[in-house]
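Okay, thanks for making time, everyone. I'd like to walk you through one structure today, so have a look at the screen.

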Amino acid sequence: MPAKKIFAAFLIVLGAVAFSSGLTQYKNCRTPNHCVVGFAKSLGGQASFELDQTVRREKYFGVAKMIGGVFFIAASGVFLIKSFR
């Protein structure tokens, strides 16, 4: 098996893992724990703001992982096309 095909297979696996990990992280941040949210809001503005910032950061990091996974899968497609030519 040529090196380009092995590298493409590695990138497909890496992209799939990154995409699934990002999707899981994004889904977990969409539904935060309501007990924690209620407690943070009862403490006042700064605690609620910190919780919102943390959830937003984790959500954007999940989206970035999904975009990276798609990028790796697309790059592996390019390597596979070049390996057949």
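I'll talk about confidence and then about the aromatic rings.

Keep in mind that this is a predicted model. So how confident is the predictor? On average the chain gets a pLDDT of 82, and 78% of the residues score at least 70. If you go element by element, helix α1 comes out with the highest mean pLDDT, at 89. Helix α2, residues 34-43, has the lowest, at 68.

Right, on to the rings. How many aromatic pairs does the structure hold? Two.

Let's take Phe7 and Phe79. Their ring centres sit 5.0 Å apart and the planes are at 80°; over 60 degrees counts as edge-to-face, so that's what we call this pair. Now look at where these two come from. Phe7 belongs to helix α1, residues 3-30, while Phe79 is in helix α3, residues 45-84. That's 72 residues apart in sequence, so the pair ties together parts far along the chain from one another by that count. And are they buried or exposed? Somewhere in between: Phe7 is partly exposed at 39% relative accessibility, and Phe79 is partly exposed too, at 29%.

The other pair is Phe71 with Phe72. Here the ring centres are 6.0 Å apart with the planes at 55°, so this one counts as tilted. As for accessibility, Phe71 has 56%, which makes it exposed, whereas Phe72, with a relative accessible area of 29%, is partly exposed.

That's my bit, thanks for listening.

Definitions and conventions:
Residues are numbered from 1 along each chain as its sequence is written. This is a predicted model: local features need pLDDT of at least 70, side-chain atom pairs count only at pLDDT 80 or more; totals for chains, interfaces and linings use all residues. Side-chain values use heavy atoms; hydrogens and water are left out. Rings of Phe, Tyr and Trp (its six-membered ring) pair if their centres lie within 6.5 Å; planes under 30 degrees apart count as stacked, over 60 as edge-to-face and the rest as tilted. Helices (H or I, at least four residues) and strands (E, at least two) are DSSP runs, numbered from the N terminus. Buried means under 20% relative accessible area, exposed over 50%, partly exposed in between (1.4 Å probe, protein chains only). pLDDT is the predictor's confidence in each residue, from 0 to 100.
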